[in-house]
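User: Could you take a close look at how the inside of this chain is packed, and then work outward from there? I would like one connected account, with the cut-offs behind each term.

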Amino acid sequence: MSQAAIFWPMLAHVLLVYIVYLVMARRRYFAIKSGEAKAGQYKVRSTEPASSVTVANNLINQFELPVLFYALCLTLFVTNGVNYLTLALAWIFILSRYVHAWVHLTSNKLRHRSRVFFSGAVVLLLAWVLFALHLAGVA
C-alpha cells in the first residue's frame, strides 16, 4: 500500500472546508441582499444573522478535531504506519465530518450533530490507538 494514500482523506477534508466557506459567503451575500443584515454586522459574530453564524460556527468546527486528524495522518506517513485499517478509519472520520457539516448547515439538530461528532471522535481515537501500537511495534 502506498503511504501517500493517507493524503486523499486529508484532501477530501480540505475540499469540505472550502465548501463551507462557499456556503458561508453565499449566505452572507443573500442576507445582505435581502436586507436581513448589513455588512457591518459581520465584524462581530454576536451581531451576525443566524443564517450565516451557523455556517461560521461550522467552519470553526472544521479546525478543531480535524487538527488531530492532520497530525495523525502526517505522523502515520512519516513513520510508515499507513495500512488498510488506518486508511479506512481516516475515510470514516472524513465521512463523519461531511455528515456533521451537512446536519449543522441544514437541520442543525443538536442530537444528530452530537452523535455524528462523537462517532467521528471515537473513530479518530481508535486510529490514534493503532498509531500508538504501530510505534510500540505491536501492530
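Analyst: Among contacts in the protein chain between residues at least 6 apart in sequence, 75% join residues at least 24 apart, a contact being heavy atoms within 4.5 Å. The model is predicted, so local features need pLDDT of at least 70 and side-chain atom pairs count only at pLDDT 80 or more, whereas totals for chains, interfaces and linings use all residues. Residues are numbered from 1 along each chain as its sequence is written, and side-chain values use heavy atoms, with hydrogens and water left out.

The protein chain holds 5 helices and 0 strands, in the order α-α-α-α-α along the sequence; helices (H or I, at least four residues) and strands (E, at least two) are DSSP runs, numbered from the N terminus. Its C-alpha trace spans about 60 × 30 × 20 Å along the principal axes. Of the 139 residues, 39% count as buried, where buried means under 20% relative accessible area, exposed over 50%, and partly exposed in between, with a 1.4 Å probe and protein chains only.

Turning to the interior, the largest nonpolar core has 20 residues, and those with the most contacts inside it are Ile6, Phe69, Leu72, Leu76, Phe93 and Leu124. Such a core is a set of buried Ala, Val, Leu, Ile, Met, Phe, Trp, Tyr and Cys residues joined through side-chain atoms within 4.5 Å. At least two residues of this core come from each of helix H1 (7-34), helix H3 (65-78), helix H4 (84-105) and helix H5 (110-136). Leucine 124 shows how the core is joined: apart from neighbours within four places in sequence, leucine 124 is in contact with Leu65, Leu68, Phe69, Leu72 and Phe93. A second, separate core of 9 residues includes Val17, Met24, Val55 and Ala56.

Aromatic rings belong to this picture as well. Phe69, Tyr70 and Phe93 are linked by ring pairs into a cluster, and the count comes to 6 aromatic pairs under a rule in which rings of Phe, Tyr and Trp (its six-membered ring) pair if their centres lie within 6.5 Å, with planes under 30 degrees apart taken as stacked, over 60 as edge-to-face and the rest as tilted. The rings of tyrosine 29 and phenylalanine 30 have centres 5.1 Å apart and planes at 80 degrees, so this pair is edge-to-face. Tyrosine 29 is partly exposed at 47% relative accessibility, and phenylalanine 30 is partly exposed at 38%. Tryptophan 128 and phenylalanine 131 are also edge-to-face, because their ring centres lie 5.8 Å apart with planes at 85 degrees; both residues sit in helix H5, 3 residues apart, about one turn of the helix. Within this pair tryptophan 128 is partly exposed at 26%, whereas phenylalanine 131 is buried with a relative accessible area of 9%.

Polar residues also take covered positions. Serine 52, in helix H2 (residues 50-61), is buried at 0% relative accessibility and, not counting residues up to four places away in sequence, touches Arg27, Arg28 and Tyr42. Arginine 28 takes part in the structure's 1 salt bridge, a term for a side-chain nitrogen of Lys or Arg within 4 Å of a carboxyl oxygen of Asp or Glu. The partner of arginine 28 is glutamate 48, with the closest N and O atoms 2.9 Å apart. Glutamate 48 lies in the loop between H1 and H2 and arginine 28 in helix H1, so the pair ties together parts that are 20 residues apart in sequence. Glutamate 48 is buried at 7% relative accessible area, while arginine 28 is partly exposed at 22%.

Two loops further along the chain carry a positive phi in a residue other than glycine. Asparagine 80, in the loop between H3 and H4, has phi near 60 degrees and is exposed at 53% relative accessibility. Asparagine 108, in the loop between H4 and H5, has phi near 55 degrees and is partly exposed, with a relative accessible area of 29%.

On the outside, the accessible surface of the protein chain comes to about 8,100 Å², of which 71% belongs to carbon and sulfur atoms; accessible areas come from the Shrake-Rupley method with a 1.4 Å probe, and for residues only the protein chains shown count as cover. Leu125, Leu126, Val129, Leu133 and Val138 make a nonpolar surface patch of about 440 Å². Patches are made of residues with over 30% relative accessible area and no salt bridge, like charges being joined within 9 Å and nonpolar side chains (Val, Leu, Ile, Met, Phe, Trp, Tyr) within 5 Å. Leucine 133, found in helix H5, is partly exposed at 32%.
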